[in-house]
Every structure is written in C-alpha cells, then in structure tokens.
Amino acid sequence: MFSSRWLIQLESSSITFWMKVFRKLFSKKTSMWVKLRKAVRWSPFMQSYTKKNYRWIQLAGHSGGFKPGENGAIMKKSSKREVDCLKSLMKDPLKSYVPEFKRQTMEGEDLFIEMQDLLAEFDHPAFVMDCKIGVRTYLEDEVKKNPKPREDLYLKMIAVDPNEPTEEENATCSCTKERYMQFREKMSSTTGLGFRIEGIKRGENNPDKDFKKLKSEEDIASVIRRFTENKKDIQAKYMQRLREIKKALAESPFFQSHELIGSSLLFVHDTKGKVGVWLIDFGKTVPLTNGMVIDHKSPWSLGNHEDGYLIGLENIMKIFGDLEQKSKS
C-alpha cells in the first residue's frame, strides 16, 4: 500500500514531470517510441514501485517488525539490546559485515532502528537466504526462569512426536522448558550442525520456509546448490566472504565479549554476480558478565553460555568448500 502523503507528492511531481516529457516527446531528433519507453522506465512511479517491491523480502522474524525507509535504509522495531549491539559494532572489526546503524526514530507510537537496507545495492530480483547461527536459539535466562515442568509443553512435544517423552514425562504429562527447547532444536540442523536455514527467496519465486526438519549436511548442501543455481562463481564468492567474516570474528572485541543467540547470516546475490554475506539480528545478543569467557565452539550446557556460533559458521563453510571442490574435480 502507498501512503496518502506519498500519493499527493507523486501527483504534484508527476504533473511537472509529464509536461516535460510530452514537450520533448515529439521532437524530431529521437523516435517517439524510444522517448516513451525511457519516460515510462524512469518515471517517479516506476522507480518508487520497483524499489518498494525489491525491499520487501522478509524471510524470518515477526511479521510487521520492518518498514521501508528512505535513501537505502530500512526500519526495524527497536530493542535496547539490538541498539547497544549495533552501536558497538560500528566501532568493531565486524563493522563491514553488519548493517550500518543510522539512528533511532519514532514512527507513530513505535520506536524503530533506522539501518542500512542490505538489499538496496542489488539488482532486482535478488536471491536471499537467512541462516540462523548457533547450537541454540534461546537464552539461558529463558529456561532458568521457567524450571518447573509444564503440561502445555508436553502436549506440544507429543503433537510432534508421541514417542519423544521419557517415562517420567509420560507419567507426569509434563516437561521443562529446557527439555522442550532442546527437543525443538534437535528437529532441525541447529543442534547437530550449529545452524539452520530459516528461509530462502530465489528471484521471482515465492519465499520458501519449509526447512524446519532439514538436518543432514547432504540435504542442506542440496538446498544451497539450488539457491546458488550451482553457479561456481557465486559459490566461490560466498566462500571468500565467509573466510573474511571468520577472520573478522577472530579480531573482534565484540565477538569475544558477547553471547550471540538467534543471530543470522544473511546471504544475498543477484543475476549480475554481486554477492554479500552479513551478520544480522542482535535482539538476543547479550554481553558476557563477571569475567566469563567463551570460545563459541565448546559444547553447551546450562550455565556455560556457549552459543556454538563458530560451529555453525565452520559447518556452512565446509558445505560451500565441498561444493567448490566438486566443481574442480
């Protein structure tokens, strides 16, 4: 939907625009068809429409959390955690691999973060993939605050897999939130590979989010092969970008001092071969406290705050690396 203010501005600007067009349209220097074609291609309406169409790709997260911005920006509903993270990242070696933070701004009654629209520089239609990174997608506080067994979580579990509950859980018809969350993560590749594919948009095709039960490395490699249309140059560029990200993570004070939960890697390429990968979504990223140190790849147990971020990154790199090797053999 276009806003009424935008339409009023379009109406007044279009009058002036089309007057100029028609004055030039019948000149003898250029054919009428060529001039008409250029006029339609570069009209304010067509440019605004195509750009809006291009930006509206949301593969994960809550619906309504994003709004289009201006001048290569996008608006996301604000949270203090994400604002703090983005501000810190603007002074970190990871700065080139995250969306640029511009400001916070009010839109109606809601506070939004204005940040770089990562798709703005790509040709339409773009190919986009969102991969959630880490061996878990929930904070430790989420399960610590809910230690008691719950019937509703047990019912959710048996609705998916009636054979999953233990004898004790069947006897009490309940399970803890930690147990339920671990069960849910094991359904996808999150626990085993340290990442999962949240969604993919391939050019003009509708978004595909049917990856919740994708677990094996072979199946994920097949999906990535389709996402890249098995184009070796695209796969190689993604691999190079991932190598750069891994190097920046090793040098990043931010990465060394934070637990990254629910964060994603956003993969984008277009038909001209332009490629990008960025770290996004920091709403559950929290600073480590009391001198705690994690290596982002040790096994997680409640209390050690390990997130498995490097496990996920290295497994994605392995898949892209294997695709690269197959193309050379």
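# A tour of the predicted model

Start by selecting Arg 241 and Trp 278: Arg 241 lies over the face of the Trp 278 ring, 5.3 Å from the ring centre. The model is a predicted one. A second contact of this kind can be shown by selecting Lys 67 and Phe 112, where Lys 67 sits over the face of the ring at 5.4 Å from its centre.

**The four-stranded sheet**

Next, select strands S6, S5, S8 and S9. In that order they make up an open sheet with antiparallel pairing. S6 (195-202) and S9 (275-280) are the edge strands; each has a single partner strand, so one side of each has no neighbour in the sheet. From one strand to the next the twist averages 15°.

Zoom in on S5 (residues 127-133) and S6. The two run antiparallel and are joined by seven bridges. To see one bridge partnership, pick Asp 130 and its partner in S6, Gly 199.

Now add helix H10 (residues 217-227), which packs on the sheet and touches S5, S6 and strand S8 (264-269). The direction of H10 makes about 25° with that of S6.

**Ser 264, in strand S8**

Stay on S8 and select Ser 264, which lies in this strand. Is Ser 264 buried or exposed? Its relative accessibility is 0%, so Ser 264 counts as buried. Beyond its neighbours within four places in sequence, Ser 264 is in contact with Asp 130, Cys 131, Lys 132 and Ile 133, and also with Trp 278, Leu 279, Ile 280 and Asp 281. For a distance check, draw a line from the C-alpha of Ser 264 to that of Glu 198: the separation is 8.9 Å in space and 66 residues in sequence.

One of these contacts, Asp 281, deserves a look at its backbone. Asp 281 has a positive phi of about 70° although it is not a glycine. This residue is found in the loop between S9 and strand S10 (286-287).

**Aromatic pairs**

Show the aromatic side chains. The whole structure holds nine aromatic pairs. Select Phe 227 and Tyr 238: the ring centres are 6.1 Å apart and the planes are at 25°, so this pair is stacked. Phe 227 belongs to helix H10 and Tyr 238 to helix H11 (residues 232-251), eleven residues apart, and the pair links distant parts of the chain. Phe 227 and Tyr 238 are both buried.

Then select Phe 267 and Phe 320, another stacked pair, with 5.8 Å from centre to centre and 15° between the planes. Phe 267 is in strand S8 and Phe 320 in helix H13 (residues 309-328); they are 53 residues apart, and this pair also links distant parts of the chain. Phe 267 and Phe 320 are both buried. Show the four residues together: Phe 227, Tyr 238, Phe 267 and Phe 320 form one aromatic cluster.

**The nonpolar cores**

Which members of the largest nonpolar core touch the most other members? Of its 50 residues, they are Leu 242, Leu 249, Leu 265, Phe 267, Leu 279 and Ile 316. H13 supplies the largest share of this core, eight residues.

Centre the view on Leu 265. Leaving aside neighbours within four places in sequence, its contacts include Met 129, Cys 131 and Ile 133, as well as Leu 242, Ile 245, Val 277, Trp 278 and Leu 279. Tyr 309, Leu 313 and Ile 316 are also among the contacts of Leu 265.

Apart from the largest core lies another, of eleven residues, including Tyr 138, Cys 175, Phe 183 and Trp 300.

**Helix H8 and the loop before it**

Select helix H8 (residues 177-186). Its buried residues are Lys 177, Arg 179, Tyr 180, Met 181, Phe 183 and Glu 185. These buried residues pack against helices H5 (140-144), H6 (151-160), H7 (167-172) and H9 (190-193), and against S6.

Step back to Cys 173, in the loop between H7 and H8. Its phi is near 50°, a positive value in a residue other than glycine. Cys 173 is partly exposed, with a relative accessible area of 36%.

**Last stop: a hairpin**

Finish with strands S3 (residues 101-107) and S4 (residues 110-116), which pair in the antiparallel sense over six bridges. Arg 103 stands opposite Glu 114 in S4. S3 and S4 form a hairpin with two residues between them, and Gly 108 in the turn has a positive phi of about 70°.

Conventions
Residues numbered from 1 in each chain as written. Predicted model: local features only at pLDDT ≥ 70, side-chain atom pairs only at ≥ 80, totals over all residues. Heavy atoms only, no water. Pairing = 2+ DSSP bridges. Axes fitted to C-alpha atoms, helices over the stretch in contact; angles between N-to-C directions. Contact = heavy atoms within 4.5 Å. Phe/Tyr/Trp six-rings, centres within 6.5 Å; stacked < 30°, edge-to-face > 60°. Buried < 20%, exposed > 50% of the residue type's maximum accessible area, 1.4 Å probe, protein only. Lys NZ or Arg CZ within 6 Å of the ring centre and 35° of its normal. Core = buried A, V, L, I, M, F, W, Y, C linked by side-chain atoms within 4.5 Å.
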